Structures are given as C-alpha cells and as structure tokens.
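The following exercises call for the structure to be read from the whole chain down to single residues. Each task is followed by a solution in steps.

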Amino acid sequence: MTDAAVAAPSPPLWRRLIGFNLLTAVILGVGGWYVGWFGAHKVVGPSLAYFADIDYNELSVYLAYLGGVVGFLIGLGFANYPVRRLLGYPPSLREKEEAGWTRYFGLCTDHKVVGIQYLWGIGLFFFIGGLNAMLIRTELLTPHNQVFPAGTYLTIVGMHGTMMMGMMSSGIIGPFANYFVPIMIGARRMAFPRIEALTFWLLMAAGVVLTTTIFFGGFPTGWTGYAPLATQANPGLDNYVLFFALVGLSMTLLGLNMIATILTMRAPGLTWTRLPIFVWGVLSTAVLMVLAAPVLIATLSMVALDRTAQTTFFVPAAGGSNYLYQNLFWVFGHPEVYILALPGFAIVLELLPVFARKPLWGYRLAVAGLLGVSLLSWFVWQHHLFVSGINGDLRSFYMLSTELISIPTGFTFLCGMMTLWRGHIRFTVPMLFCLAWFFNFLLGGLSGVFLSDVPSDVTTHGSFFSMAHFHYTIMGGLVFTFFAAIYYWVPKMTGWELNERLGKIHFWTMFLFFNSTFAPLFAVGFLGQPRRVVTYPSGLQFLNDWVSVSAFLLGTSMLIFLFNLVWSLVFVKKPAAANPWDSRSIEFQLPSPVPVHNFDRIPVFSSDPYGYGEGPPPTLVPAGAPAGRE
Amino acid sequence: MAANPNAAPAQPIDSTNHGLRVVIAWLVLSAIATPLVAIYVGPLIPPGNGSVQGQGQTFSNQVMTSLVTPVLCLMVVFFGYGLIRFHARRNEAILDGPPLRNDSRVQILWIVITSAMVLFLAGFGTYELLKDGAGGGQGPNPIAFPANHQSAFQVQVIGQQWQFTYRYPSLGGMESNQLVLPANSVIALHVTSLDVVHSFWAYELGVKADANPGVDNVAYVETKGPMLFHVRCAELCGLWHGYMYNTGRVVPSAQFRGWAAQELTIYHAIKPYVNRPADKGGAPYSHIYLPAPERRAG
C-alpha cells in the first residue's frame, strides 16, 4: 500500500474534472449518439421522425445508442488500456484506486469501489422501476377511468418488468459479490478488475437506454418481448432490445469474472468445503449468467435484424416462427429467474449462522441445493408455454422437471431451518429480513406448485396468479435478501452504522404491506384477471383498490429505507464497529471500511467461517499464519 | 468490538425433545387444518363446474390447495415454536448455540418426503392431463382426448388485434363474433391467430389456448348444461389487449340450431365478400384453417 500517494496534495476541482470520468463520458456519449444517428441517416436515407408514425428508420436508433454507449465507455477510459497496449506504451494496471471521492465517478479497478458503485447505481434504477409499479397501481385503482392512455400504460408495465428483471439480475451479485467475494476468498482483487468496472458501467448505460424509450413511443410487449408483437412495435422497442442485450453482456462478463476469481484466486487453505456458502451461491449464479445471457443476446440480435435488415426469423407470415422466439427467450428466461433467486438463498444461508450462533447445518446439502437448482433450471423452460401448443407431448416431462426443482430448493429450506434449530436467535434487522424470506419464498414456492401442474396452470396461466407468484419469489426472495445484505454489510462497506430503529420500522412496514399487496393478487388471478390489462371487471375493483393502497404503503416503506440510508450515511455518520454482529466471517475481522488492499498479508484458512460454539473465534493472524481457529 | 471475547463455551444440548413436540403439533394442526381448508375453501376454488375440463381443473386446484396446507402448517409450527423457544434474550451476552453440523437421518427423511410429494404431484398432474386434455391448448397434434373426440363439434377460434372471431366449419364455414356452443357435447376448439400471439381464455369453461399465427392449437372441452362464460385474451397482444374480452354461451341443442340458422342467414349475405382467396380480398384464415396434420409446432 502506498500511503505516499494519498498524502500528496490533491489538485483543484476543475483540474480533476478534466480527464476520463463520468462528465467526459456523458459528453462523449451524447456525441457518439449523434454520430450514430446521422451516420445511419446517411446510410439508409430518411432519418427517424419520431413524431410521425411512418417512414422511420430503425437503424438510426440502434446506431445512435450503440455510438452513445461506445462514446460513454471511451469517455470513462475503457479504451486507454487496449490503445496503450497497441501503441506499445506500458498501460496503467490500476485505475483511480487512491483518488478520493472522484474514484466513484469513473473507471476504478478497486473491487470495493465497484461494489459501492453497483449499490447506488442499481438502487437508482430499482427506484425508477418501483415508481413505475406505483403508476401501474394508480391506473388499476379504477376499472374503467383511464389515468394513462392504453399505450402509455403498456410502456409503464414493460419498463417496470424490464427494469426490474434486467437490473436486479445483478442486484446482489453486483454490489455484494463484487465487494465481498474477493475478501471472503482471501484475495486483494477480482480476476479481471477492468472487466469488473465495465460490467457496472454497461449496466448504467443500459439503464439510460431503457429509460429513454419514452422518447421513441415506448414498447407494448412487456418484459418478454414476444415476437410478432415486437416486430410490429414502435421504435421504442429498439431501446428494449439494446437494454437487454447490454444487460446480457454485463451479466456474461460479471459471471465470467466471478467464476475465474473463485476458481483461481482462493487463499491457501480455502478448500471447497471451507468456502463461505455465499461464495457457493455466487458461483452457481455465475454459471447460470455465463450460459444463459448469451442466448438472450443472440435472440435479441435476431429481433434487431428482423426490425432493421428485414430478416424473418420470428415473422410467421414470412416463414419464421414465433415459437422460436418463445423457446429462445425462455431458455434464457427461466435460468434468469434463478439468477434472481439463488443469491437470495445464499444470503439467507450466510446470515443465519451469524444470528442463530450456530454452524451452518448440512453444508454439503446446502451446496448441493444451490448447484442442483442451478442445474435443473435448464430443463424447465417450457412450463412457460404449457398452453401455447408448442409441444403437447412434452408437457408431462416439463411438469416433472419443474416440480423436481422443489427438491434442491427444499435443501435450502432444511439447512436454513436446522441452522435456526436450538440456536440463540438474535432478531437484528438483517435477520428479520432473512426470516421473512422463509415466509415469502414458501408462499412463492407453494403457489408455484399450481403453476407447474398442467391442469391447474390452465386456470392460472397468464393471470394475476402467476404475477403474484413471481413477485413472491423475486421480490419476497431477492429484494428482501437484498435489504438483509444491505443492513448486514453496508456498515462494513461504508464504515458507518445504519439506524436500527428505522431499519426495524422499514422491515415491519415492508413485510406487512408486501404481503398485503401480493397475497390478494392470488385471488384476483383466480377470479380471472389477466396480466397487463388496463381495465378489468368492476367486481374486482375492491381487491384491486386494496392492492393499490397497499402498494402505495409499500412504496412509502421504501422511502423510510431511503431516509434511513441518507440520514445514517450522510448526516449522522456514526462509525461502525469492525465486527458489529460478532460474525466469524473474515470480512468482519478487517477494519471498517476495508482498506484499499484488503489484507497486508494473504490469510491462510484452516476452517470454514461457521464454527460458532466450536471454540474461540478466528483471528486474522498476519505474517501468513493460519487465520482459523488456532 | 473485535471478535467477541465473552463468547461462552458451547452449552450442552438440552435434553428436551423439541423435535417430537414440533412433529406432534404439526400433525395435530395439519389434521385439523387440512379438512377445514378442503371443506370450506375447496368449493370457492375456480374455475368451477361449468365443463368437464373445468371441473377437472377445479379438482386439481383443490388437491393442490389441500396438499400445500400441511406444508404451510409445518412452517407455521416450526417457526412459531423455534423463534419463540430459541431466541436470545434482549441484552443478554452473546451465546453460541450447540455446534450441530449435520444429521443424516433428518436429511434422508426430508429428501424422501419431498421426493415422494414431487413424484405424486407429477403423476397426479399427468393423469389429470391425459384423462381429458384438461382444457389446455395442445398444439396441432393433441395427445390427450376426452371420450368421443372423433365426433367432436369443431369450432375455430381466430384471434386478431383485438377481437376473437368464431368459425363453424360444420355450418358451412359460418362466422360469428359470438361464441355459442351446444350443451352436453364434446367441442374441439382450433385456436389460431392472424397477427400476433393471443391467448384464448374461456374462464368458466376452463379453456386456455394460445393463438399463434399459422398454428392450429387444439383444445378440447366437454360442455355441460347451459351457461354464460367470459372470454378474455390472456397474452399481451398490443394496445387494446385489456379490452379484448367478450362473453359466450352454452345453450341446449335445439336453441343452438335456432341460433345457427339465424346466423347463417346473416352469414350468407356477406359470404361472397368473405369467402374469396386471400389475394383477392378474402379472409386470409380460410386458407390456414386446419393445417395438414403433419405440420408440427415448434
């Protein structure tokens, strides 16, 4: 660690704004956008007049945004390394690791900075997606009076779904795996720090691409983008295509980086059975990311070709097949929902031993559960197509394979429950969120039993029942554990405590109103309300109003969290203890916040981090001595 | 505070048989709750008894509901007992629990029980599906039929943005914007689409089948007595997806013949304009009706 670099007097602000940073990136991004726009104009002819509904030019949208993204990345400095290499100069190996607060606004190769960038960046788009949900519930307050025009409503629905699915795919892996996986495995960095930074900035560029779809008429397809509808849609659909392709690229790179890091950079003594379960969860998710996201990129490239080059992959009238799109999309789409769910499993299993003061029960079974879900998730995708007529004779197989997933998921439940058993459970805020996961994911899983059964699925498919089901699994499974991870780790990441009282208020309001929002939707679906409708039978108004009011209160609960975050981290700034939870995990043996190079000496592991009740806790012994129980 | 120096050594496992208590409480609660759910919640479960297939779905839904009740009871009992019995007292020094790391008997028991439930569900679902098709769209080559499906009354359901048209081939290709079906008969619904993907959902009949362009998606339903049912589009199909609904009727055979005769007169008046080849301004779907059987979906 070079303390001299920190001690050097920093240059004035205006000087620091010149260089490769977010400001330059935005300027070059806008420039690149116009280069692409007018370049396509020159190539194809008439430019897109997006206020007219004829004679538009899809290519200009794609090239504009691609130019914008490339300009944005160059402005951040992602071209420096390859260019210097090409020209024969020695490239800089570390970027901005010592640069003070400005390192958060540019390409930084410190994995801890990237983790915090992810937390705020994803938080921002999670907030936008949540606002869309509030607008959806506003529209559904009355069956017939329209708050939004039907097209606008569909765009809001599509943006909510796409934003949440795309952004929250990295919701836990992005902030927490980037920050804590290297520390947990005793490494000083990720395997590919520059790619790590790239995944974050790609995601931010993608978020802007999706948000600006409103300038191109939005898109009517929801997050699934089914093909014949996508082929006839507004140019706003091009934003959807580019958003998901960029997210797919980010996910692929993120997964590759995680796999490479975990496979190759573990400290001495960290055998596979001593690996923290969170790292196992990240590994199983990363495998899904690497294998699933490229399918999405390929599929969306075909959609883009259909829309620009007049190919007909998905146009049935010209010999294409919409089934091809549905197949390809769900080959990505079903592993995708486990990309969302698995990190939640891992967080729960990681946190329960700390707050139950017991070792993780059935470590190998828990690992088998994570890997089993990861494997089985590849064999179930056609349960999204049970009534589509795609393959009538395979429905029994997909029914069986879908139900089989409940076995490895059950492993997670068993290991979590047995870890609590006979423990000394402390109801801290992160623990409350983990316990809520059991309840939410149980209801999500049990409602999944209806959807996996073909005769029951004929009733529930495409209705609000399935919508309630996946909100229970994804919001109840991922978002609750996302908050658990925030309350557990943010004191370690920032060095400041979060207010516990506000945290508990946030938890109880969120838990109550989450259930009050989504449980009635099972009934709404059973009573026959299809998804994504702008109107519904008058008889369902009471239930819909109840749901809407609960949803607004759920949104208020999120504001309590936001207030807690800002209040604790910006105004109160109460320093956090190095180990506020008495955890035996290695990141809590380091000071808060973690120093730039994590460890002065690489630790040597002699046990897993779950040895509660098995003797004195581990100490991080410097000078290469074992960091375990000795 | 670094790693807690006050952590007491692990306590001996207390001899109370907590597991037995939980199991007994669970069995008692399940034995009470499951019949109550079956008796009081069961009759409310959709889609009701409008058709044989709808009745089958209702039965499946009831079985699922009854089956998940004991699972829910287990969780309620476990967490109710565990969180109360095993929580640390406020302001108590942090105590470590007993270092239980594994118990292969519990693991095996759990795996056996969950596997048995999964296999039962898959077997039950397959049986209910193959028995009569369960009202779901099966594609151009159905594998599950109700009895007497060879003599089924054929109706083609044609989705387009944003309405369904119903075509009766046995009535000379007569078309109507209302779906009227004869009572107590086996109906074969051939669902297709002219533009994007729709999904034909006849709620009370228990029928759901996606309407794909150029694909004949067959769903069987056996109607019972006269009734009114709602038809909705269950797949996002563009701007007015939310308004793509209407109602249909199941009527006695005599009444059906009367309705058909009336509709046929109307239809014959417009037939010359409709029944032309597609390239001469006729309806395009007259040429995609019932594609050759070897045409596979997917």
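The contacts of chain A are weighted towards pairs that are distant in sequence: among contacts between residues at least 6 apart, 79% join residues at least 24 apart. The model is predicted.

**Exercise 1. Overall form of chain A**

Determine how many helices and strands chain A has, and how its radius of gyration relates to the globule rule.

Step 1. The secondary structure of chain A amounts to 21 helices and 0 strands.

Step 2. For 630 residues the globule rule gives 25 Å, and the radius of gyration of chain A is 25 Å, close to that value, so chain A is as compact as a globular protein of that length.

Step 3. The C-alpha trace of chain A extends over about 70 × 60 × 45 Å along its principal axes.

Step 4. Of the 630 residues in chain A, 62% are buried.

**Exercise 2. A helix in chain A**

Decide whether helix H5 (residues 80-87) of chain A lies in the open or is buried.

Step 1. A residue counts as buried when 20 or more other C-beta atoms lie within 10 Å of its own.

Step 2. The number of buried residues among the 8 of H5(A) is 0, so this helix lies largely in the open.

Step 3. The backbone just after H5(A) shows a positive phi of about 90° at A:Gly88.

**Exercise 3. The contact between the chains**

Establish how many residues each chain brings to the contact, and which elements of chain B supply at least two residues to its side.

Step 1. Chain A contributes 80 residues to the contact and chain B contributes 86 residues.

Step 2. On the side of chain B that touches chain A, at least two residues each come from helix H2 (52-85), helix H3 (104-132), strand E6 (198-202), strand E7 (207-211) and strand E9 (227-233) of chain B.

Step 3. H2(B) gives the most to this side, namely 13 residues.

Step 4. Sorted by class, the side of chain B that touches chain A holds 47 nonpolar, 31 polar and 8 charged residues.

**Exercise 4. The nonpolar core**

Identify the residues with the most contacts inside the largest nonpolar core, and the helix with the largest share of this core.

Step 1. The largest nonpolar core has 265 residues, and A:Leu246, A:Val282, A:Phe433 and B:Leu189 have the most contacts inside it.

Step 2. Helix H13 (residues 322-356) of chain A provides the largest share of this core, 22 residues.

Step 3. Setting aside residues up to four places away in sequence, A:Leu246 touches A:Val69, A:Leu202, A:Ala205, A:Ala206 and A:Val209.

Step 4. As general background, nonpolar side chains tend to be buried together in soluble globular proteins.

**Exercise 5. The five-stranded sheet of chain B**

Give the strand order of the open sheet formed by 5 strands of chain B, and find which strands stand at its edges.

Step 1. The order is E3-E2-E1-E5-E8 (chain B), with mixed pairing.

Step 2. The edges are held by strand E3 (174-176) and strand E8 (217-222) of chain B; each has a single partner strand, so one side of each is left without a neighbour in the sheet.

Step 3. From one strand to the next, the twist averages 25°.

Step 4. E8(B) pairs with strand E5 (residues 186-193) of chain B in the antiparallel sense over 6 bridges. In E8(B), B:Asn217 is the bridge partner of B:Val191.

Step 5. Burial is a separate matter: 6 of the 6 residues of E8(B) are buried, so this strand is largely enclosed by the rest of the structure. B:Asn217, B:Ala219 and B:Val221 point one way from E8(B), while B:Val218, B:Tyr220 and B:Glu222 point the other way.

**Exercise 6. Strand E6 of chain B and B:Gly54**

Find the pairings of E6(B) with E7(B) and E9(B), and state whether B:Gly54 is buried or exposed.

Step 1. E6(B) runs antiparallel to E7(B), joined by 5 bridges, and antiparallel to E9(B), joined by 3 bridges.

Step 2. B:Ser199 stands opposite B:Asp210 in E7(B), and B:Ala202 has B:Val231 in E9(B) as its bridge partner.

Step 3. The faces of E6(B) are both covered, with B:His198, B:Phe200 and B:Ala202 buried on one side and B:Ser199 and B:Trp201 buried on the other.

Step 4. The hairpin of E6(B) and E7(B) has 4 residues between the strands, and B:Gly206 takes a positive phi near 75° there.

Step 5. B:Gly54 lies in helix H2 of chain B and has 30 C-beta neighbours inside 10 Å, so it counts as buried.

Step 6. The contacts of B:Gly54, leaving aside neighbours within four places in sequence, include B:Glu204, B:Leu205 and B:Gly206. The C-alpha atoms of B:Gly54 and B:Ala202 are separated by 9.9 Å, with the two residues 148 residues apart along the chain.

Methods:
Residues numbered from 1 in each chain as written. Chains lettered and ligands numbered in written order. Rg over C-alpha atoms; globule rule 2.2 N^0.38 Å. Buried ≥ 20, exposed ≤ 12 C-beta atoms within 10 Å, placed from the backbone. Contact = placed C-beta atoms within 7 Å. Nonpolar A, V, L, I, M, F, W, Y, C, P; charged D, E, K, R; others polar. Core = buried A, V, L, I, M, F, W, Y, C linked by C-beta atoms within 7 Å. Pairing = 2+ DSSP bridges. Axes fitted to C-alpha atoms, helices over the stretch in contact; angles between N-to-C directions.
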